[in-house]
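Let's take a walk through this structure and see which side chains meet each other. Keep the model open while you read.

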Amino acid sequence: MPRLSRKLREQVTRTANNRCEYCQASQEMTMAQFHIDHITPRSAGGSTEFDNLCLSCPFCNQFKRQQRFARDPQTGRRVRLFRPRSDDWRKHFQWSADSVEII
């Protein structure tokens, strides 16, 4: 497994504005150590290059694990998971009216 360079880790963190690229939580506000996630897992052929890496909070990283697809809870269809480097967050998610929950 290729070791992530400090420069690459900093580039991913800076690009993400120090926020989880899945749930948008701020690393400072959560006081948790965020992870660098392989969007396409290494086990599925994903590379350790900027375009395949994103900043992820521990919760999102644990939830996603090595998955690339999941069942849509409304339709039951198998769908590709959100890809922070190519998908628009607002087209996949929205905040609840009280800004507490991601829908």
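Start with Tyr22 and Phe82: both of them are buried. Keep in mind that what you're looking at is a predicted model. How are the rings of Tyr22 and Phe82 arranged? Their centres lie 6.4 Å apart and their planes meet at 75°, so this pair is edge-to-face; the cut-off for that label is an angle over 60 degrees. The two residues come from distant parts of the chain, 60 residues apart. Tyr22 is in the loop between helix H1 (6-15) and helix H2 (27-30), while Phe82 is in the loop between strand E4 (78-80) and helix H4 (89-92).

Now look at another aromatic pair, Trp89 and Trp95, which is tilted, with 6.2 Å from centre to centre and 35° between the planes. Trp89 has a relative accessibility of 14%, so it counts as buried, whereas Trp95 is partly exposed at 39%. Step back a little and you'll find that ring pairs join Tyr22, Phe82, Trp89, Phe93 and Trp95 into a cluster. In total, the structure has 5 aromatic pairs.

Rings can have charged company too. Arg78 holds its charged end over the ring of Phe69, 4.1 Å from the ring's centre. Over the face of Phe50 you'll find Arg85, at 4.6 Å from the ring centre.

Stay with Arg85 for a moment, since its side chain also meets Glu21 in a salt bridge, with 2.6 Å from N to O. Arg85 sits in the loop between E4 and H4 and Glu21 in the loop between H1 and H2, so this salt bridge ties together parts that are 64 residues apart in sequence. Arg85 counts as partly exposed, at 24% relative accessibility, but Glu21 is buried, at 9%.

What other salt bridges can you look up? The whole structure has 5 of them. One is formed by Lys64 and Asp37, whose closest N and O atoms are 3.2 Å apart. Lys64 belongs to helix H3 (residues 58-64) and Asp37 to strand E1 (residues 35-38), so here the linked parts are 27 residues apart in sequence. Both Lys64 and Asp37 are buried.

Finish in helix H1, where Glu10 and Arg6 lie 4 residues apart, about one turn of the helix. They form a salt bridge as well, with the closest N and O atoms 3.3 Å apart. Glu10 is partly exposed, with a relative accessible area of 40%, and Arg6 is exposed, at 66%.

Terms used. Residues are numbered from 1 along each chain as its sequence is written. This is a predicted model: local features need pLDDT of at least 70, side-chain atom pairs count only at pLDDT 80 or more; totals for chains, interfaces and linings use all residues. Side-chain values use heavy atoms; hydrogens and water are left out. Rings of Phe, Tyr and Trp (its six-membered ring) pair if their centres lie within 6.5 Å; planes under 30 degrees apart count as stacked, over 60 as edge-to-face and the rest as tilted. Buried means under 20% relative accessible area, exposed over 50%, partly exposed in between (1.4 Å probe, protein chains only). A charge sits over a ring if NZ of Lys or CZ of Arg is within 6 Å of the ring centre and within 35 degrees of the ring normal. A salt bridge is a side-chain nitrogen of Lys or Arg within 4 Å of a carboxyl oxygen of Asp or Glu.
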